[in-house]
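This report describes pockets, salt bridges and a surface patch. The structure under discussion follows.

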Amino acid sequence: MNLWKEFTKGFIKENPVFIMALGLCPTLAVTSSVENAIGMGLAATFVLTCSNIIISLVKDLIPSKIRIPCFIVVIASFVTIVDLVMNAYTPEIHKSLGLFIPLIVVNCIILGRAEAFASKNKVLPSILDGLGMGLGFTLALVVIGSIREVLGAGQWLGMNVMPMAYIKSPMLVAILAPGAFIIMGLLMGLIKLVNKGK
Amino acid sequence: MSFITQIFTLAVFAIFVNNFVLSKFLGLCPYIGVSKKIDSAVGMGMAVIFVMTMASTFTWLIQEYLLVPNHLEYLQTIAFILTIASLVQLVEMVIQKTAPSLYKALGVFLPLITTNCAVLGVSILNIQENYNFLGAILNGLFSGLGFTLVLVLMAGLRERLEKSEVPEAMKGMPIAFVIAGCMALAFLGFSGLNF
């Protein structure tokens, strides 16, 4: 089941965030709540899958010297589509993600998969690779977002999950910038520890 | 407010209060990736200051004189990233021809900068915040300085860290993130500044 492997490798084994440490900027910036994390993850998954499709279709037409600018134009076009669609249908998430929607263009995961996978493989594996990596990215965002929202606000997806006394004075640092760095560091250490123990 | 005070305020806010790395999470990849040695951190910082200032200048001009008059604002993302990519290429060629010694110092970092989100970030922020031409250039310059400051500080910390005893699992990237968190905590103190 080779195709199935292409799809699932992005979840744990080659998780773009935790294992390969790609796309760190959006990972830390948008995970102050689970809702934002899901929005960002799905937007990036869409761009990743679509750009993988187009790039694997036109890979033989592009001279290898100018392939990077070509990839960037393809990616930027899909980012513009996502930007406009989100502005129209989910204006609140669009507003809170703000700057980081246009910045999907420079997310290293997307250019990385285009260069490392889509430019060498056929369409179907590229679609599965894009979907898998995108969902792995979403998974990582949701994990970090959950920890930060529960610790920092006592809520999960807007629902109260901690006792009232905690919600009134939560560990605010977790949703501020320093908490993002520290939680990310501890999570990466934990994953390294688990992988070593195997 | 006099002109000098305005520039000073802009500088303090761009370098300390709204530091690109520690409060806006822009440019994390080079911040974690190129901060193992002070030498390379300084080189990367210089290259980023240079490219961010140039990119702010050109993208502001493109927005004002090309996109807005033709009602093409929705092409902003594509236009800006292409501008930055070609700018980096151009800068690389010019430096290689005119200042080979500078090219040797910056050379390896220049191609990396295209995908540094701080450069695209500052270009888009300049437009969003409605800076005028001079403001956009200065914002690019000061944001680049702020980036370099934390990059070099981080490199200094990590050089020391090499010699200290860190738990096996936390070595390398995990401990770098925790340290970055402590730095962000320190920089959070600047947000109390008022002018």
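## Salt bridges between helices of chain A

In this predicted model, A:Asp129 and A:Arg113 form a salt bridge in which the closest N and O atoms are 3.0 Å apart. The pair joins distant parts of the chain, since A:Asp129 belongs to helix α7 of chain A and A:Arg113 to helix α6 of chain A, with their positions 16 residues apart in the numbering. Both A:Asp129 and A:Arg113 are buried. The two residues also take part in a network of salt bridges that includes A:Glu6 and A:Lys9.

A salt bridge also connects A:Glu115 with A:Arg67, where the closest N and O atoms lie 2.9 Å apart. Here too the pair links distant parts of the chain: A:Glu115 is in helix α6 of chain A, A:Arg67 is in helix α4 of chain A, and they are 48 residues apart. Are these two residues buried or partly exposed? A:Glu115 counts as partly exposed because its relative accessibility is 26%, and A:Arg67 is likewise partly exposed because its value is 29%. Both figures are to be read against the cut-off for burial, which is under 20% relative accessible area.

## Salt bridges over all chains

Over all chains, the count of salt bridges comes to five. One in chain B is formed by the side chains of B:Glu168 and B:Lys171, with an N to O distance of 3.6 Å. B:Lys171 is classed as partly exposed because its relative accessibility is 38%. As a general point, side chains of opposite charge can pair when their charged atoms come close.

## The largest pocket

The largest pocket has a volume of about 440 Å³. Its lining is made up of 17 residues, and those closest to the centre are A:Ile68, A:Ile72, B:Gln89, B:Pro111 and B:Thr114.

Which helices each supply at least two residues of this lining? They are α4 (67-89) and α6 (108-118) of chain A, together with α4 (76-98) and α6 (110-113) of chain B. The largest share, six residues, comes from α4(B). By class, the lining of the largest pocket consists of ten nonpolar, five polar and two charged residues.

## The second largest pocket

The second largest pocket holds about 340 Å³ of space. Of the 16 residues that line this pocket, A:Asp83, A:His94, A:Pro102, B:Gln76 and B:Gln128 lie nearest its centre.

At least two lining residues of the second largest pocket come from each of α4 of chain A and α4 and α7 (117-128) of chain B. The largest share is that of α4(A), with four residues. The lining of the second largest pocket divides into six nonpolar, eight polar and two charged residues.

## A nonpolar surface patch

On the surface, a nonpolar patch is formed by A:Ile38, A:Leu42, A:Leu135, A:Trp156, A:Leu157, A:Met159 and A:Val161. Together, these residues have about 570 Å² of accessible area.

One member, A:Leu135, lies in helix α7 (residues 123-153) of chain A. Why does A:Leu135 count as partly exposed? Its relative accessible area is 32%, and therefore A:Leu135 falls between the limits of under 20% for buried and over 50% for exposed residues. Helix α7 of chain A also contains A:Asp129, which is buried.

Technical notes: Residues are numbered from 1 along each chain as its sequence is written. Chains are lettered from A and ligands numbered from 1 in the order in which they are written. This is a predicted model: local features need pLDDT of at least 70, side-chain atom pairs count only at pLDDT 80 or more; totals for chains, interfaces and linings use all residues. Side-chain values use heavy atoms; hydrogens and water are left out. On a 1 Å grid over the protein atoms alone, a cavity is a set of points where a 1.4 Å probe fits but cannot get out, and a pocket is an open set with protein on both sides within 12 Å along at least five of seven lines; lining residues have an atom within 4 Å of a point. Grid points are joined across faces, edges and corners, and a volume is the space filled by probe spheres set on the points. Ala, Val, Leu, Ile, Met, Phe, Trp, Tyr, Cys and Pro count as nonpolar, Asp, Glu, Lys and Arg as charged, and the others, Gly among them, as polar. Patches are made of residues with over 30% relative accessible area and no salt bridge: like charges are joined within 9 Å, nonpolar side chains (Val, Leu, Ile, Met, Phe, Trp, Tyr) within 5 Å. Accessible areas come from the Shrake-Rupley method with a 1.4 Å probe; for residues, only the protein chains shown count as cover. A salt bridge is a side-chain nitrogen of Lys or Arg within 4 Å of a carboxyl oxygen of Asp or Glu. Buried means under 20% relative accessible area, exposed over 50%, partly exposed in between (1.4 Å probe, protein chains only).
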